[in-house]
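Welcome! Please take a look at the structure below and work through the exercises at your own pace, with a solution after each task.

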Amino acid sequence: MAVYAERALPAEAYAPIPADAAPHGVSNIPAAAGFVGRGAALDALDSAFAGGAGEVVLHAVHGLGGIGKSALAAHWAAHRATARVRWRITADSPETVEAGLASLARALQPGLGELPAELQAERAVQWLAARDDWLVVLDNVERIDDVGAVVDRVASRGRILVTTRRATGWYRHGATIRLDVFEPAESVALFTRILTHDGPRDTDGADALCAELGHLALAVEQAAAYCAETSTSPRAYLDLRPATMFGAAAEGSDSERTIARIWHLTLDRLADTPLAGDLLRTLAWYAPDGIPRDLLDESAEPAELSAAIGRLVAYSMVTDNHDGTLTVHRLVQALARTPDPDDPHRGPEAIDHARSEAAAHLAKAFPTDVDQPAGWPRCRALLPHIDALTRHHSPDHDTVDTAQSLDRAALYQLGQGALAPAIQAFQRALATRERALGIEHPLTLGSRNNLAHAYQSAGDLGRALPLYQRTLEDCERVLGTDHPDTLGSRNNLAGAYDAVGDLGRALPLYQRTLEGFERVLGTDHPDTLTSRNNLAYAYKAVGDLGRALPLFQRTLEDCERVLGTDHPDTLISRNNLAHAYETVGDLGRALPLYQRTLEDRERLLGTDHPNTLLSRNNLAHAYETVGDLGRALPLYQRTLEDRERVLGTDHPNTLLSRNNLAGAYEAVGDLGRALPLYQRTLEDRERVQGIDHPDTLTSRNNLAYAYLTAGDLSRALPLFECTLEDRERVQGTDHPDTLASRDNLAGAYETVGDLGRALPLYQRTLEDRERVLGTDHPDTLTSRNNLAYTYLTAGNLRWALPLFECTLEDRERVLGTDHPDTLTSRNNLAYAYRRAGDLGRALPLYERTLEDRERVLGTDHPDTLASRNNLAHAYLTAGDLSRALPLFERALEDCERVLRPGHPMTAGVRASLKHARST
């Protein structure tokens, strides 16, 4: 029989650890090398542990794996904690917790080393439970139960700091502190410190690299170490394959602590909830922040979905913002959408399926009626996620759902004036539908039409027209000539011809479209009513007011009967009829109609609806037209403020409001405010809409005219010339806007006295307008008037007088005797008679013009004030001072009251009165 001798244990192994063990303190917590930033988090820990002794204080620092929890805890424990005993324990399993406690026991009482580990741990817990001058860091806790028993036993003493990916479940034990990513400056500082540790290195691009890594501590440290070891520049690192970025570890670093490895382990913990992995892979395709939680509603039953999201939140893979949105760190997303055949959580098929699911969720969630402001917040919330989805994969992976999302988003962006991204989205949606559905599928035809409309909105009619033409041809061939979509396509092509000024092709197409709608859908169908409105608008554009007005009137009557007086389309029809009345100079009917439309829209749509803002702008313009600038200016100002607030400073309608307000300032002679506003509008339109957009060219023309009014001919003339050249190049030599530019340039030449260039330009413009628009078009009549005035300025009364007389006759016949343009013609003819010395015909004409303007426009309209001044001049020329002086005096009083003392007209009347008094 063998006899074994027992090994004798030291005496202290049989007794508890003494209360005064380690009198000079003991710690296994090293200072964190290279620690940067985290001031707010360190201060939060100071505050959290500031309580008195006698009760355990536990605080859990939770956050995403790799975010820097362990480094923060180590730095705080080493540099800010004041406890005599400070001990770090790896706590990712019960075995490591026991081992950590055993090592603490041995540090306090070295003679315990021969005891079994479980007894060493028990001695450590007993000592902690009886003392209070200690801090234990439980690092990387995976399950609360692994440390719960220990925490409960020492519940009356000391301080415990936990680091964990688990965000939830700590309510019974203590408070939690959420650790977020680095601030940008902090992550760049850490990256630079590691990269340049052994000497100067190329740090260009460090800020971009840290941003791409989402300022995640471990990712920044891992990238910096890799760059330092391999001499890879920050910008070159950005070009690495994702697998390299996430899996690479520098020599000498812990290969188990790479981004890919840490998150693989976390997802292993979630393996009992497969839906959690599915959701994370789907969320990976969206933008990191503000992901609407309801996008996932169709992924599972509510209870199962909530449980899966809860698990992701518990392990800090997802943040619940408690406002209906979720946040996922961008590196978690990048990893989750990067295939890795060696990672069961990132199989290629699973990632492809998740991408398709992400697209399907967005397609179902995006509002269908993007014109309604009630849906705009939802549109804005989803746009970043559609952008992220399409940015993170190539177009050949787009599905029909992707195309649907892009198409809806582009329609919203188009309505908001974001033309460039809308066009790109329409192009990609069209390409996807052509590939997935075929070139003749109705959805493909719809995409083609939408892209054409976007081109038209951007002023790129060279690409819009062929696309509209092809779409109409395809619709006629595939759907038939009478299909509603075909009729809609025909209407859109007519609108494009209208936009390029080709009214000769637009009108017949509008007429045919209306006939088709009436025959197929009936005379009362909403689309038929819209078509009738469009035809009326085309008649107005060609100057055929005799057919336009009755059609506008009938359309409004039909809309009120069929749709009701409060229907949005009825309000549009009422607005259009008001505009038609304004065009024919019937402001007595236009103004009440504009006012009623605005009141109805405010009541039905709200004060901030875009159509309400449009009505406010239109009413302001009507007030300006009747010369009531006292009401026009505040309305323009309010409309601009509201559009900036509701639509944004760069929306096309906002830019239009800014232009209109500048025009109103110019009308009252306030060039000090008008000019900067015109300049800003031009700069904004060039930046937002492009230098060749029709609206930009209009702004350039308006600024040139303002310079001309201010007498700054050195800037006005080149701008007029540049605008004409651009319009000829962009819109064509016969476009109505081009003809207007030619007329304006002629006027500028006339103003500077260069009649040698003004006359030929006026003559050419008149010839072109007669050929393009017709002899009776209002613009043609304006050209005839302008040419007559230039003949008069040149002293050629023989040609001027017959042209003035002819223009007056034509305007009376076409526009009516009371139209403002007719009254202008009557005034001009009177002036021509006065220049010719024929006061017998001039005076009665001046008197009639003043009477008519007072009756039609009102006594305070600027044109009425001009008539009063002109009649006074005529009396003065006739030597009738008794009538001239009182009229000059009244004209001056009215100008100073209605306009401004410094207004050019006011200054002119003042000079005329002074001259009359000296006569």
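Is Glu-440 buried, partly exposed or exposed? Keep in mind that this model is predicted.

**Solution.** Start with the relative accessible area of Glu-440, which is 36%. Buried means under 20% and exposed means over 50%, with partly exposed in between. Glu-440 is therefore partly exposed.

**Exercise 2.** Find the salt-bridge partner of Glu-440 and describe where the two residues sit.

**Solution.** Step one: the side chain of Glu-440 meets that of Arg-477 in a salt bridge, at 2.2 Å from N to O. Step two: Glu-440 is in the loop between helices H18 and H19 (442–457), while Arg-477 belongs to helix H20 (residues 461–478). The pair links distant parts of the chain, 37 residues apart. Step three: Arg-477 has a relative accessible area of 51% and is exposed. Step four: look at the surroundings, where a network of salt bridges links Glu-434, Glu-440, Arg-448, Arg-470, Asp-474 and Arg-477.

**Exercise 3.** Now examine the salt bridge between Asp-398 and Arg-428, then the one between Arg-771 and Asp-768.

**Solution.** Begin with Asp-398 and Arg-428, whose side chains meet at 2.7 Å, N to O. Asp-398 is found in the loop between helix H16 (376–391) and helix H17 (400–415), and Arg-428 in helix H18 (residues 419–437). These two residues are 30 residues apart and join distant parts of the chain. Both Asp-398 and Arg-428 are buried.

Turn next to Arg-771 and Asp-768, with their closest N and O atoms 3.1 Å apart. Both lie in helix H34 (residues 755–772), and because they are three residues apart there, about one helical turn separates them. Asp-768 is buried, at 10% relative accessible area. For the structure overall, the count of salt bridges comes to 80.

**Exercise 4.** Follow strand S3 and work out which strands pair with it.

**Solution.** First, look at the two faces of S3 (residues 85–90). Val-85, Trp-87 and Ile-89 form the covered face, and Arg-86, Arg-88 and Thr-90 the uncovered one. Second, S3 runs parallel to strand S1 (residues 26–27), joined to it by two bridges. Third, six bridges join S3 to strand S4 (residues 134–141), again in parallel. Finally, trace Val-85 itself: its bridge partner in S1 is Val-26, and its bridge partner in S4 is Trp-134.

**Exercise 5.** How many cavities of 30 Å³ or more does a search of the whole structure find, and what lines them?

**Solution.** The search finds two. The largest has a volume of about 90 Å³. Among its 12 lining residues, the closest to the centre are Leu-267, Leu-280, Leu-335, Ala-336 and Arg-346. Helices H11 (259–269), H12 (274–283) and H14 (330–336) each give two or more residues to this lining. By class, the lining of the largest cavity holds seven nonpolar, two polar and three charged residues.

The second largest cavity has a volume of about 60 Å³. Its lining includes Ile-89, Trp-134, Val-136 and Leu-138. S4 gives the most to this lining, with three residues, and helix H5 (145–153) supplies at least two. The lining of the second largest cavity has 10 nonpolar residues, with no polar and no charged ones.

**Exercise 6.** How many aromatic pairs does a search of the whole structure find, and how are the rings arranged?

**Solution.** There are three aromatic pairs. Take Tyr-789 and Phe-804 as one of them: the centres are 6.4 Å apart and the planes stand at 90°, an edge-to-face arrangement. Tyr-789 lies in helix H35 (residues 778–793) and Phe-804 in helix H36 (residues 797–814), so this pair ties together parts that are 15 residues apart in sequence. Tyr-789 is partly exposed at 33% relative accessibility, whereas Phe-804 is buried at 1%.

Move on to Tyr-791 and Trp-799, with ring centres 5.2 Å apart. Their planes are at 75°, so this pair is edge-to-face. Tyr-791 counts as buried, at 8% relative accessibility, and Trp-799 as partly exposed, at 42%. To finish, ring pairs link Tyr-789, Phe-804 and Tyr-831 into a cluster.

Terms used. Residues numbered from 1 in each chain as written. Predicted model: local features only at pLDDT ≥ 70, side-chain atom pairs only at ≥ 80, totals over all residues. Heavy atoms only, no water. Buried < 20%, exposed > 50% of the residue type's maximum accessible area, 1.4 Å probe, protein only. Helix = DSSP H or I, 4+ residues; strand = E, 2+ residues; numbered from the N terminus. Pairing = 2+ DSSP bridges. 1 Å grid on protein atoms, 1.4 Å probe; cavity = no way out; pocket = protein on both sides within 12 Å on 5 of 7 lines; lining within 4 Å. Points joined across faces, edges and corners; volume = space filled by probe spheres on them. Nonpolar A, V, L, I, M, F, W, Y, C, P; charged D, E, K, R; others polar. Salt bridge = Lys/Arg side-chain N within 4 Å of Asp/Glu carboxyl O. Phe/Tyr/Trp six-rings, centres within 6.5 Å; stacked < 30°, edge-to-face > 60°.
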